[in-house]
Structure formats: C-alpha cells, structure tokens
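Welcome to this guided tour. Please open the structure in your viewer and keep the selection tool at hand.

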Amino acid sequence: MSPHVLILGGTTEARELAAALDAHPGVRVTTSLAGRVTRPGALAGEVRVGGFGGAEGLADWLRAAGVDALVDATHPFAGTITANAVRAADRAGVPALVLRRPGWRPGPGDRWHPVPSLPAAAGLLPRFGPRVLLTTGRLGLSAFAHLADRHFVVRSVEPPEPPMPPHTEVLLARGPFTVADETALLQENLIDVLVTKDSGGAATAAKLTAARELGLPVVVVRRPPLPAGVTAVPDVAAVLERLALGPA
C-alpha cells in the first residue's frame with residue numbers, strides 16, 4: 001500500500017513539500033488547508049479544506065484515512081493547530097514532524113524590541129512615534145484597538161478582522177517585497193515604528209532591512225513555543241530525510 005502523508009499546510013514550505021512528495025512514485029500526499037485564505041494557489045496531490053474538530057477529530061481522520069505520517073507545516077504562529085496536531089498524532093499512533101522555517105535574527109544596526117505577544121507589542125508603542133506600520137496579519141488587531149492616539153497602517157493579504165484601532169489605514173498586498181518597496185512604504189507613510197511577527201523566511205524580510213537602513217525601531221513578536229518534547233525541522237529536505245525519502 002502506498003504511504004500516505006498528511007500535510008497541514010498554508011505556507012510556502014507546505015506547498016514545496018507537497019510537490020516534493022507528489023513527485024515520488026507511490027507516495028500519496030494530502031494537504032489540509034484551514035480555509036482562511038479565499039484564493040489559495042494550486043497544490044500538488046490531494047487537498048482538503050476546513051478544520052477537523054480539534055485533536056480528537058484529527059486523530060479520527062488520521063485513522064480513517066490511513067495516514068502514515070503527519071507534517072505540520074502551518075504558520076509559525078499557528079500554535080493551537082500545532083498542539084492539536086502533536087496530540088492527534090500521538091493518539092493515532094502516527095509519527096509527526098513540525099516543519100518551521102528558521103526565525104529572523106537581528107544584525108548590526110537593528111533596533112529590535114522583542115515581545116512575547118500582540119498585547120505586549122501594543123503596550124510598547126507609546127515609547128515611539130505615533131505612526132505605526134503593522135504587519136502582523138489580519139487577526140489580532142483587537143490588541144491595538146484601544147490606542148486612539150496612534151495612526152496605524154495595516155498591511156495584510158486578506159482584509160483584517162475588527163475591532164481595529166480608530167485611526168487605521170488598510171493596505172492589501174502579498175509578498176515578496178523588495179527593500180526598495182519597503183523603504184518607499186515606510187517613507188511615504190512617515191512610519192515611526194514597525195510591528196511584525198517573527199514569521200521568518202525571505203518573502204517578507206525586506207521590511208526589516210528597510211527599517212534598519214532608515215534607523216527605525218522594530219517591535220518583533222516572538223513565536224509561541226513548540227509543544228513539550230517537539231523539535232522542529234527547518235526545511236523540506238530535512239522532512240524528506242526524516243521520512244526516508246530523498247529527492248525524486
């Protein structure tokens with residue numbers, strides 16, 4: 001019987017992993033999407049959309065679908081999904097891997113202010129000027145909604161969910177972005193401080209370079225910790241190695 005790998009997707013790495021697994025003769029790959037993005041791109045292999053109903057629902061699905069390995073390749077901040085995936089795999093007796101791109105690291109000249117959460121980021125903003133570029137995604141803006149004395153430029157792939165700060169301008173855009181693009185965005189909007197999540201990867205890292213070159217402070221929300229006993233692998237090649245599959 002062909003080995004069946006379930007990928008919890010939604011990231012570039014998940015898309016690359018699906019293509020790499022689908023290229024292996026005899027490997028069946030299914031990518032599960034939460035359904036939060038309205039127009040996801042094409043994916044290799046099978047695709048399912050929607051939740052499982054928590055850890056128990058996912059464990060039941062793993063058994064029913066005959067899954068041989070589970071790879072959580074969701075966003076680094078999808079902590080609840082990752083925790084459910086690890087619990088479900090344990091209950092179903094299925095080996096599980098967590099694929100996480102490495103986080104960003106500050107370099108010389110960076111003015112980073114690490115914080116553990118979005119509310120902590122909001123609490124730090126009164127230290128800086130009033131114009132804020134917020135690139136933390138479409139969820140969680142309620143953490144900043146009480147800051148009526150700040151002007152927010154919110155960049156998101158999808159329209160953000162309310163409640164939002166009273167003085168908010170929304171820019172809908174999808175990366176990758178160049179340093180020149182990000183520099184122009186910061187300058188044209190007279191941004192005083194950038195707030196971002198440590199999502200890692202190159203697609204949205206140019207804003208950090210632009211902020212450094214402009215001497216702007218950056219409030220960086222740290223990633224949630226992985227479940228106890230879980231160690232992430234950094235890339236698709238590492239997943240293939242752990243699954244005992246090389247390049248097709």
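Two residues are in contact when heavy atoms lie within 4.5 Å. Helices (H or I, at least four residues) and strands (E, at least two) are DSSP runs, numbered from the N terminus. This is a predicted model, in which local features need pLDDT of at least 70, side-chain atom pairs count only at pLDDT 80 or more, and totals for chains, interfaces and linings use all residues. Residues are numbered from 1 along each chain as its sequence is written, and side-chain values use heavy atoms, with hydrogens and water left out.

**The whole protein**

Start with a cartoon view of everything. You should find 7 helices and 11 strands. Turn the model along its principal axes: the C-alpha trace spans about 60 × 35 × 35 Å. The radius of gyration, taken over C-alpha atoms, is compared here with a globule rule of 2.2 Å times the number of residues to the power 0.38. For 248 residues a compact globule would come out near 18 Å, and the protein's 19 Å agrees with that.

Next, switch on the surface. Its accessible area is about 11,900 Å², with 56% belonging to carbon and sulfur atoms; the method is Shrake-Rupley with a 1.4 Å probe. Buried residues (under 20% relative accessible area, against over 50% for exposed and in between for partly exposed, with a 1.4 Å probe and protein chains only) make up 45% of the 248 residues. Of the contacts between residues at least 6 apart in sequence, 65% join residues at least 24 apart.

**Helix H6**

Now select residues 206–214, which form helix H6. Which residues of H6 are buried? They are Ala206, Lys207, Leu208, Ala210 and Ala211. Show the surroundings of these side chains: the buried residues of H6 pack against S6, S7, S8, H5, S10 and strand S11 (217–221). Step just past the end of H6 to Gly215, where phi is positive at about 75 degrees.

**Three salt bridges**

A salt bridge here is a side-chain nitrogen of Lys or Arg within 4 Å of a carboxyl oxygen of Asp or Glu. By this rule there are 10 salt bridges, and three make good stops.

Stay with H6 for one of them and select Arg212 and Asp110. Their closest N and O atoms are 3.2 Å apart. Arg212 is in H6 and Asp110 is in the loop between strand S5 (96–98) and strand S6 (111–115), so this pair ties together parts that are 102 residues apart in sequence. Asp110 counts as buried at 18% relative accessibility, while Arg212 is partly exposed at 31%.

Move on to Glu46 and Arg28, whose side chains meet with an N to O distance of 2.8 Å. Because Glu46 is in strand S3 (residues 46–49) and Arg28 in strand S2 (residues 28–33), the pair ties together parts 18 residues apart in sequence. Glu46, at 36% relative accessibility, is partly exposed, and Arg28, at 34%, is partly exposed.

For the third stop, select Arg138 and Glu161, with closest N and O atoms 2.8 Å apart. Here the link runs between the loop from strand S7 (131–135) to S8, which holds Arg138, and the loop from S8 to S9, which holds Glu161; the two residues are 23 apart. Glu161 is partly exposed, with 38% relative accessibility.

**Unusual backbone spots**

Most residues other than glycine have a negative phi, and most peptide bonds are trans. The next selections depart from that pattern.

Where does Pro163 lie? Look in the loop between strand S8 (151–156) and strand S9 (168–172). A cis peptide bond joins Pro162 to Pro163, with omega about 5 degrees. Follow the chain to Gly175 and Pro176: the bond between them is also cis, with omega near 10 degrees. Pro176 belongs to the loop between S9 and helix H5 (179–188).

That loop also holds Ala173, which is partly exposed with a relative accessible area of 28%. What does Ala173 touch, leaving aside residues up to four places away in sequence? Its contacts are Arg155, Ser156 and Val157. Draw a distance from the C-alpha of Ala173 to that of Ser156, 17 residues away along the chain, and you should read 6.0 Å.

Finish at Leu190, in the loop between H5 and strand S10 (193–197). Leu190 has a positive phi of about 55 degrees, although it is not a glycine. Is Leu190 buried or exposed? At 58% relative accessibility, Leu190 counts as exposed.
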